[in-house]
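I opened this model to make notes on its fold, its core and its charged pairs. The entries are kept in the order in which I looked things up.

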Amino acid sequence: MKTLQTMLAAAIVVAATLAAPFAAAHATLKKANPASDAVLDAAPKEITLTFNEKVEQAFSSITLTDAGGHVVTDKVKATVDAANPAILRLALPPLPAGAYKVDWAAAGHDGHRRKGEFTFTVK
């Protein structure tokens, strides 16, 4: 009987260990273009965010604000790249020189929404 209990306990530990990476998986930002704190000679034409997994269009967004706190991208929405659904893109209007803040939110296949922000500057 004790052997059965030991084997059952071991099986539970193994199952929990194998399931842990899946339970903790969230869409995590791996790369941003422009990069955080970048100082650019020319304004970018788009913001591209690459995540560690596919992101869901309906629950993911990018917002760009200028130094005065005005939303620059209120007329456009971020889209998931059709060729690589781990990439979220936002087309930008022409940007004058200045500091900008990117706010992003992304939901992966697990449904958990992650948020972040970073800044960049156009000379």
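What follows are my entries, beginning with the whole chain and ending with the salt bridges.

**Entry 1: the chain as a whole**

I note at the outset that this is a predicted model, and I read everything below with that in mind. I looked up the secondary structure and found one helix and eight strands in the protein chain, which run from the N terminus in the order α-β-β-β-β-β-β-β-β. The chain has 123 residues, of which 30% count as buried. I then checked the exposed surface, which comes to about 7800 Å², with carbon and sulfur atoms supplying 62% of it. Turning to contacts with a sequence separation of 6 or more, I found that 60% of them are between residues 24 or more positions apart.

**Entry 2: an open sheet**

I followed the strand pairing next and found an open sheet of four strands, ordered β1-β3-β6-β5, with antiparallel pairing. Strands β1 (29-33) and β5 (79-80) stand at the edges, and because each has a single partner strand, one side of each is left without a neighbour in the sheet. I looked more closely at the β5 end, where two bridges join β5 to the antiparallel strand β6, residues 87-91. Within that pairing I could assign T79 a bridge partner in β6, namely R89.

**Entry 3: K30 on an edge strand**

At the other edge I picked out K30, which belongs to strand β1. Is K30 buried or exposed? I found a relative accessible area of 61% for K30, and this residue is therefore exposed, since the cut-off is over 50%. Leaving aside neighbours within four places in sequence, I recorded contacts of K30 with T50, F51 and N52. I also took the C-alpha separation between K30 and L49, which is 7.7 Å although the two are 19 residues apart along the chain.

**Entry 4: T65 in β4**

For a residue in another setting I went to T65, which is in strand β4, residues 61-66. Its relative accessibility is 11%, so I entered T65 as buried. When residues up to four places away in sequence are not counted, T65 touches H70, V71, V72, A99, Y100 and K101. The last of these, K101, comes back in the entry on charged pairs.

**Entry 5: the nonpolar core**

Which members of the largest nonpolar core touch the most other members? The core has 23 residues, and I found that I47, L49, F51, I62, L64 and F120 hold that position. The elements that give two or more residues to this core are β2 (38-40), β3 (46-51), β4, β6, β7 (98-107) and β8 (113-122). Among them β7 gives the most, with four residues.

I then listed the surroundings of F120, again leaving aside neighbours within four places in sequence. The contacts of F120 are with P34, A35, A38, L40, P44, I47, L64, L95, G98, A99, Y100 and V102. I47 and L64, two of these partners, are also in the group that touches the most other core members.

**Entry 6: salt bridges**

The count of salt bridges comes to five. I started with K123 and D41, whose side chains meet with an N to O distance of 3.3 Å. K123 lies in the segment after β8 and D41 in the loop between β2 and β3, so this pair ties together parts that are 82 residues apart in sequence. I checked both residues for burial and found K123 and D41 exposed.

I went on to K101, which forms a salt bridge with D103, the closest N and O atoms being 3.6 Å apart. K101 counts as partly exposed at 29% relative accessibility, and D103 counts as partly exposed at 24%. The side chain of K101 also meets that of E117 in a salt bridge, with an N to O distance of 3.8 Å. E117 lies in strand β8 and K101 in strand β7, so the pair ties together parts that are 16 residues apart in sequence. E117 has a relative accessibility of 54% and counts as exposed.

My last note is that E46, D81 and R89 are joined into one network by salt bridges that share partners. R89 had already come up in the sheet, where I noted this residue of β6 as the bridge partner of T79.

Conventions:
Residues numbered from 1 in each chain as written. Predicted model: local features only at pLDDT ≥ 70, side-chain atom pairs only at ≥ 80, totals over all residues. Heavy atoms only, no water. Pairing = 2+ DSSP bridges. Buried < 20%, exposed > 50% of the residue type's maximum accessible area, 1.4 Å probe, protein only. Contact = heavy atoms within 4.5 Å. Areas by Shrake-Rupley, 256 points an atom, 1.4 Å probe, with all protein chains shown as cover. Core = buried A, V, L, I, M, F, W, Y, C linked by side-chain atoms within 4.5 Å. Salt bridge = Lys/Arg side-chain N within 4 Å of Asp/Glu carboxyl O.
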